[in-house]
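Colleague: Pick one spot in this model and take me through it closely, then work outwards from there. I'd like the long version, please.

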Amino acid sequence: MTRAVTRAGTRTRVLVLGGTGEARELAARLTADGVPVVSSLAGRVSRPALPEGDVRVGGFGGVDGLATYLGDETVTHVVDATHPFADRISANAAAACALAGVPVVRLQRPGWTRHPLASSFSWVDSVDAAREAADGFVRPFVTTGRQQLQSFSSWDDRFVLVRVVEPPGWDVPASWEVRQARGPFGLDDELDLMRSRRVDVLLTKDSGGALTEPKLRAAHRLGMEVVVVRRPPVPDGLEVVETVDEAHTWLDS
Ligand code: NAP
């Protein structure tokens, strides 16, 4: 069980940088342990699933803002449990924690590089590169997220199935179908969706985890090409754990 008091005798106060299921799970575990925890959300999603414990919403104002927050709120530990593609906040967390002298760990679920089908995927370094890799297909299924959806705006000459959690916020081409949905998505539903829309290529980020993994198996079963955007690198020197259990143990130690 995570101690509520550090060895130095100060009261433990954990900041969890969130926006993921793992962040919510960790906040629930710490709350159950009686450890004060505040979860931070970026505020991008209109109706986010809220973690247990205290929650704050919105940016900190860069590295300096986050370092100031850590001091003002007497944060003793930071767990950066943001999405594997949220690379700016991770870099900020590493730098701010170094400035403020607060220990930090990156909780990042394993990616799909270790997926049994990984060798059959086309791996690319960016969303733009994913578009280039899939340019020869006529009915793409785009699941790379809302923020870089405009990378595909030149695909106004074809049917594009887009799945996003939040609406795109701009007028997508008339030939596109936008489905607003939040996972998990089951294998049978993914097969039905891909068959009914006759999609011929799947584009995804290497988000990892089980919630959206069935789309990989469905696409493979239908003989479709799968284009996967590699994760950005973890900032230098940032220790990484892959599970909520490991993050909990890190806090304990
Ligand atoms: P990002 O590019 O790494 O961060 C951009 C800025 O947003 C940061 O500099 C920070 O502003 C603010 N920010 C990001 N996460 C924050 C958090 N948890 N609490 C407070 N401020 C935060 O982030 P992003 O890719 O836009 O992702 C935003 C959020 O959505 C993250 O919390 C992430 O876990 C979640 N998410 C992202 C993805 C994805 O594909 N990127 C997918 C699912 C969920 P300041 O510099 O002002 O502090």
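Modeller: Let's start with Ala-130, which has a relative accessible area of 0% and therefore counts as buried, the limit being under 20%. Bear in mind throughout that this is a predicted model. Ala-130 belongs to helix 4, which covers residues 127-133. If you want a sense of span from there, go to Ala-4: the two residues are 126 apart along the chain, and their C-alpha atoms are separated by 46 Å.

Now to the ligand, where I'd spend most of the time. How many residues surround the ligand? There are 22, and the closest are Gly-18, Ser-40, Phe-60, His-83 and Arg-88. Sorted by character, the shell has six nonpolar residues, eleven polar ones and five charged ones.

Three polar approaches are worth showing on screen. Ser-40 brings a polar side-chain atom to 2.7 Å from a nitrogen atom of the ligand. With Ile-89 it is the backbone that takes part, a polar atom there being 2.9 Å from an oxygen atom of the ligand. Asp-87 also uses its backbone, with a polar atom 3.4 Å from a ligand oxygen. As for cover, the ligand on its own would expose 800 Å², and the protein buries 82% of that. Which elements give two or more residues to this shell? They are strand 2 (37-41) and helix 3 (87-100). Helix 3 gives the most, with four residues.

Next, stay with Phe-60, since it's one of the residues closest to the ligand and it also has an aromatic partner. The structure holds four aromatic pairs. In one of them the rings of Phe-60 and Tyr-69 have centres 5.1 Å apart and planes at 65°, so they meet edge-to-face, the cut-off for that being over 60 degrees. Phe-60 and Tyr-69 are both buried. Another pair to compare on screen is Phe-152 with Trp-155, at 5.1 Å centre to centre and 45° between the planes, which makes it tilted. Phe-152 and Trp-155 are buried as well.

Arg-56 joins the Phe-60 and Tyr-69 picture too. Its charged end sits over the ring of Phe-60, 3.9 Å from the ring centre. Arg-56 also lies over the face of Tyr-69, here at 5.3 Å from the ring centre. That puts Arg-56 over each ring of the edge-to-face pair.

From there, move to the loops. Ser-46 is in the loop between strand 2 and strand 3 (54-57). Is Ser-46 buried or exposed? Its relative accessibility is 58%, so it counts as exposed. The side chain of Ser-46 makes a polar contact with the side chain of Glu-166, at 3.1 Å. Along the chain, Ser-46 and Val-165 are separated by 119 residues, while in space their C-alpha atoms are 9.6 Å apart.

Gly-169 sits in the loop between strand 8 (160-164) and strand 9. Gly-169 is exposed, at 75% relative accessible area. Asp-189 is 20 residues away from Gly-169 in sequence, with 26 Å between the C-alpha atoms.

Finally, the backbone details I'd want you to check. Gly-183 and Pro-184 are joined by a cis peptide bond, with omega at about 5°. Pro-184 is in the loop that runs between strand 9 (176-180) and helix 5 (187-197).

Two residues other than glycine have a positive phi to look at. For Thr-74, phi is near 45°. Thr-74 is placed in the loop between helix 2 (62-72) and strand 4 (77-80), and with a relative accessible area of 53% it is exposed. For Arg-198, phi is near 50°. You'll find Arg-198 in the loop between helix 5 and strand 10 (201-205), and it is exposed too, at 57%.

Terms used: Residues numbered from 1 in each chain as written. Predicted model: local features only at pLDDT ≥ 70, side-chain atom pairs only at ≥ 80, totals over all residues. Heavy atoms only, no water. Near = heavy atom within 4 Å. Polar contact = N/O pair within 3.5 Å; in protein donor to acceptor, adjacent residues only side chain to side chain. Areas by Shrake-Rupley, 256 points an atom, 1.4 Å probe, with all protein chains shown as cover. Nonpolar A, V, L, I, M, F, W, Y, C, P; charged D, E, K, R; others polar. Phe/Tyr/Trp six-rings, centres within 6.5 Å; stacked < 30°, edge-to-face > 60°. Buried < 20%, exposed > 50% of the residue type's maximum accessible area, 1.4 Å probe, protein only. Lys NZ or Arg CZ within 6 Å of the ring centre and 35° of its normal.
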